[in-house]
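Got the viewer open and a selection tool ready? Let's take a walk through this molecule, one stop at a time.

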Amino acid sequence: MENKRKNIYIVIFFITTIVASAIAVYLGVKLNNSKKVVQDKVIGKNNHQEQETTKEITKNKKNDTSKGYVYNANYTSDVKPSSYKMEDGSIISIDNIVLPYININSDDAIKANKEIKNIYDEHVLLYKQLLGDKENSYLPIICTSYITFEKDNLISIVIEKPTNYYAYTYTFNLETLKQCTYQDVYKKLGFTDNNINQKVIFCITKRMEEEMQYMDGSQGDSFNKYLNETLENYNNSVKNNTIKYFIDDKNKLNIEVQFSIPAGVGIFNRILIVE
């Protein structure tokens, strides 16, 4: 009788063990599946958020998605008359002040657009002064235009004046939406901190030779004097961050340099292509 009771206990123990194991296996599978579902949901949510973020970044590169990265600024003035004819027959018009609006959604673009608006206001003021003194022609000053160059996610905006120099230049990276420094631009074009000065010195020297070949004192000390002054002008513009630079449609680095040449020989500012 005692043996029979023992056998019953053993059978009950084994049955209990089997049932407990089955329950444990079931709960383990259930838990894993639950984790997978939750994980899938989290991953799916993250992917969705990432896609939405990417779309948002793309969408927000421009302030106005219906327009290009640069278009004519819509600045207006209530100055009357808006145009008049000079004694020499030339037409002076406030509409000749054509400036760009940089349609990029970034703090750098906001700063640049404020600067451009100030350019407009300054030109309007000059126009008002001209209305009161028509004998003095400010035509080269109040006429402005601009050109743009876009290459490899970079866009350069160049505000021109008829006096053969560029008033302002801006180059933006269309990926980061930030304005590019001079160093950013020349490195993008394959120059280095070690060779850029060498390349610029060569360009300035060559241009100086062209400028002074028909002038008195183009040899010896006089040439070296003007060359050294011009090189100093370039170095100062780099140091104080006033250098004007851009990338043209041929993917070339353009810089503006103030040449020191004998007085009365024309315009001092020159655009150089650095290669």
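Before we set off, a word on names: helices and strands here are DSSP runs, at least four residues for a helix and at least two for a strand, numbered from the N terminus. Keep in mind too that you're looking at a predicted model.

**The whole chain**

Start with everything shown as a cartoon. You should find six helices and ten strands. Colour by burial next: of the 275 residues in the protein chain, 32% are buried. Contacts are worth a look as well. Among those with a separation of 6 or more, 56% are between residues 24 or more positions apart.

**Stop 1: the loop between strand 1 and strand 2**

Select strand 1 (70–72) and strand 2 (83–85), then the loop that lies between them. Pro81 is in this loop. Zoom in on the peptide bond that joins Lys80 and Pro81: it's cis, with omega at about -5°.

Stay in the loop and pick Tyr75. Is Tyr75 buried, exposed or partly exposed? Its relative accessible area is 21%, so it counts as partly exposed.

Now add Tyr120, which sits in helix 2. Tyr120 is buried, with a relative accessible area of 5%. How do the rings of Tyr75 and Tyr120 lie relative to each other? Their centres are 5.2 Å apart and their planes meet at 45°, so this is a tilted pair. The two residues come from parts 45 residues apart in sequence, so the pair ties those parts together.

Tyr75 has another neighbour to show you. Select Lys117: its charged end sits over the ring of Tyr75, 5.7 Å from the centre. There's a similar arrangement to find with Lys67, whose charged end sits over the ring of Tyr71 at 4.3 Å from its centre.

**Stop 2: along helix 2**

Highlight residues 107–132 to see helix 2. Leu130 belongs to this helix. What is the relative accessible area of Leu130? It's 0%, so Leu130 is buried. Select Ile92 too and draw a line from C-alpha to C-alpha: Leu130 and Ile92 are 9.2 Å apart in space, though 38 residues separate them in sequence.

**Stop 3: the largest pocket**

Switch on a surface and look for the largest pocket, which holds about 450 Å³ of space. Sixteen is the number to look for in its lining: of those 16 residues, the closest to the centre are Glu115, Thr169, Tyr170, Gln179 and Asn241. Which elements each give at least two residues to the lining? Helix 2 does, and strand 7 (165–173) does as well. Colour the lining by type and you'll get seven nonpolar, five polar and four charged residues.

Click on Asn241 before you leave. Asn241 is in the loop between helix 6 (220–239) and strand 8. With a relative accessibility of 60%, Asn241 counts as exposed. Its phi is positive, about 60°, although Asn241 is not a glycine.

**Stop 4: a group of tyrosines**

Five aromatic pairs are present in the structure, and some of them meet here. Select Tyr182, Tyr186 and Tyr245: ring pairs link them into a cluster. Both Tyr182 and Tyr245 are buried. The ring centres of Tyr182 and Tyr245 are 5.5 Å apart and their planes are at 45°, so this pair is tilted. Tyr182 is in helix 4 (residues 182–188) and Tyr245 in strand 8 (residues 245–247), so the pair ties together parts that are 63 residues apart in sequence.

**Stop 5: the cavity**

For the last stop, look inside. The largest cavity has a volume of about 30 Å³. Which residues line the largest cavity? Select Phe149, Glu150, Lys151, Leu154, Ile155, Ser156, Ile247 and Asp248 to see the lining. Strand 5 (145–151) and strand 6 (154–161) are the elements that give two or more residues to it. By type, the lining has four nonpolar residues, one polar and three charged.

Finish on the loop between strand 5 and strand 6, where you'll find Asn153. Asn153 has a phi near 65°, a positive value in a residue other than glycine. Its relative accessible area is 41%, so Asn153 is partly exposed.

Technical notes: Residues numbered from 1 in each chain as written. Predicted model: local features only at pLDDT ≥ 70, side-chain atom pairs only at ≥ 80, totals over all residues. Heavy atoms only, no water. 1 Å grid on protein atoms, 1.4 Å probe; cavity = no way out; pocket = protein on both sides within 12 Å on 5 of 7 lines; lining within 4 Å. Points joined across faces, edges and corners; volume = space filled by probe spheres on them. Nonpolar A, V, L, I, M, F, W, Y, C, P; charged D, E, K, R; others polar. Phe/Tyr/Trp six-rings, centres within 6.5 Å; stacked < 30°, edge-to-face > 60°. Buried < 20%, exposed > 50% of the residue type's maximum accessible area, 1.4 Å probe, protein only. Lys NZ or Arg CZ within 6 Å of the ring centre and 35° of its normal. Contact = heavy atoms within 4.5 Å.
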